[in-house]
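Subject: Handing over the structure

Hi there,

Here is the structure I promised to pass on to you. Have a look at it first, and then read on for my notes.

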Amino acid sequence: MKPICIIPARGGSKGLPRKNVLPLCGRPLLAWNVMAAVEAYGGDSVFVTTDDTEIAKVAITYGARVIMRPAQLAEDNSSSEDALIHALQEICEQNGSLPEKFLFLQCTSPLTAAQDIRAIMETMEGSQADSAFSATPSHRFLWRPDDNGNAAGVNHDSRIRLRRQDCDPEYSENGAIYAMRTEGFLKNKHRFFGKTVVHEMPEERSWEVDSPTDFAVAEILLGNRISMEKFQLLPSKIEAVIFDFDGVMTDNRVTTDQHGNESVACDRSDGMGISKLRESGIRLLVLSTEENPVVAARCSKLKIECIHGQSDKAARLRQWLKEEQINPENTVYLGNDINDTGCLDIVGCPVVVADAYSEAKQHALIVLEMPGGKGAVRELCDLILNGSR
């Protein structure tokens, strides 16, 4: 039987109020832990224990099952162990039994990846241990005042300054993941029991959120990781980037005056991104069903090729790629709506804006962080050029 993952997430928080539902890189803080656990072991194995209805809704939205815990187990002085015991009792009642092993995940560690969750369980089993915890290598020299107020070395002799490579290995508990054998935990009522081993976790995924500063740093680290993952999905060689117009270069709205003249809103930063991408030598094309002259006018200003008024965009894209002798596998297409799905299916890297319709998202390899007309084009340009958001 595969292990289960339990994620405690209470509603109260003093250091950073409501931190478990605060948006981090576009999703609630809790969501990142839930998604990693679901990827690791499946949604039927992931449980969020909470006293808060908003947190419960987030958990369900991202694929977890919910255990509502009583208020007395969600106070400032309540222990995680008590919440875990209650959760295990509820799970046992629901399922009729408990797995041999389980994982305790901290939702305040949003950089935890599915590979970390699976790996710590492998570490515990490979060492035939009873419990394990995630940690990062530490090379810090620790100090504390002695009885006379003098600084005294804690993990080193202050009279002998060893080089880092000469020090014995030490680890700093990062608070992200704990793996345990269920029977031993219920007997000892503590996360460390029996033979306990350390599972080494990369420093870049070990940040814990407990303050506004922690949150800001986590957003940078997570944003960089998301961008790098998306960058790796791009073709190794990009010959062309194709853009839809409405809902991509615009916010999908149109303004009509009393004379029937239409206008749209575009983002100036998109223009700078396109300029950089054009200078890199990559072919650029706007392909649109819209017949409005504003499409051609905008493309003329951006100095990129434009084909508009096309009822069958996919057929026209195939024709253009063939005429220009461009390999579809080396092509990126950015769209947002149902009429883009044919084009998205043709190219090697289909991309959609953040606010794309769900039908279009189902055909995309990459979903951007920014919405159409509000920086999505610039985001894609920057991603292609340097892998950054």
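To begin with a detail: which backbone nitrogen does a side-chain oxygen of D52 reach at the start of α2? The partner is the backbone nitrogen of E54, and the side-chain oxygen of D52 comes to within 3.0 Å of it. Please keep in mind that this is a predicted model.

Some overall figures may help you find your way around. The protein has twelve helices and 19 strands. Its C-alpha atoms fill a box of roughly 80 × 55 × 40 Å along the principal axes. Of the 389 residues, 47% are buried. If you take the contacts with a separation of 6 or more, 65% of them are between residues 24 or more positions apart.

Back to α2, which spans residues 53-61. Its buried residues are I55, A56, V58 and A59. Looking down the axis of α2, you will see these buried residues fall within an arc of 160°, so they line one face of the helix. T53, K57, I60 and T61 are exposed, and they sit on the face of α2 turned away from the buried side. What lies over the buried residues of α2? The cover includes the strands β3 (27-28), β4 (46-50) and β5 (65-68), along with helix α1 (29-41). After α2 comes G63, which has a positive phi, near 105°.

Now for the interior. In soluble globular proteins, nonpolar side chains tend to be buried together. Here the largest nonpolar core has 47 residues, and V241, F243, M249, I274, L317, L334 and L380 are those with the most contacts inside it. Helix α12 (residues 376-386) gives the most to this core, contributing six residues. Apart from this core lies another one, of 31 residues, with V21, A40, A59 and A132 among them. You have already met A59 as one of the buried residues of α2. To get a feel for the largest core, try centring your view on I274: leaving aside residues up to four places away in sequence, I274 touches F243, M249, L284, L302, I304, V377 and C381.

Helix α12 also packs against another helix, α6 (residues 212-231), at an angle of about 75° and with the axes 10 Å apart. The two helices, α6 and α12, are therefore roughly perpendicular to each other. On the α6 side the contact is made by S227, K230 and F231, and on the α12 side by E379, L383 and I384.

Finally, here are two residues to look at together: is each of them, N33 and G194, buried or exposed? N33 lies in helix α1 and is buried, with a relative accessible area of 0%. A polar atom of the N33 side chain lies 3.0 Å from the backbone oxygen of S109. S109 is also among the residues that N33 touches, as are I7, L105, Q106, C107, P110 and T112, not counting residues up to four places away in sequence. G194 is found in the loop between α5 (182-188) and β11 (196-200). With 64% relative accessibility, G194 counts as exposed, because the exposed class begins over 50%. N33 and G194 are 161 residues apart in sequence, and their C-alpha atoms are 27 Å apart in space.

Enjoy exploring it!

Best wishes

Note on methods:
Residues numbered from 1 in each chain as written. Predicted model: local features only at pLDDT ≥ 70, side-chain atom pairs only at ≥ 80, totals over all residues. Heavy atoms only, no water. Buried < 20%, exposed > 50% of the residue type's maximum accessible area, 1.4 Å probe, protein only. Helix = DSSP H or I, 4+ residues; strand = E, 2+ residues; numbered from the N terminus. Arc of directions from axis to C-beta. Contact = heavy atoms within 4.5 Å. Polar contact = N/O pair within 3.5 Å; in protein donor to acceptor, adjacent residues only side chain to side chain. Core = buried A, V, L, I, M, F, W, Y, C linked by side-chain atoms within 4.5 Å. Axes fitted to C-alpha atoms, helices over the stretch in contact; angles between N-to-C directions. Parallel < 35°, antiparallel > 145°, perpendicular 65-115°, else oblique.
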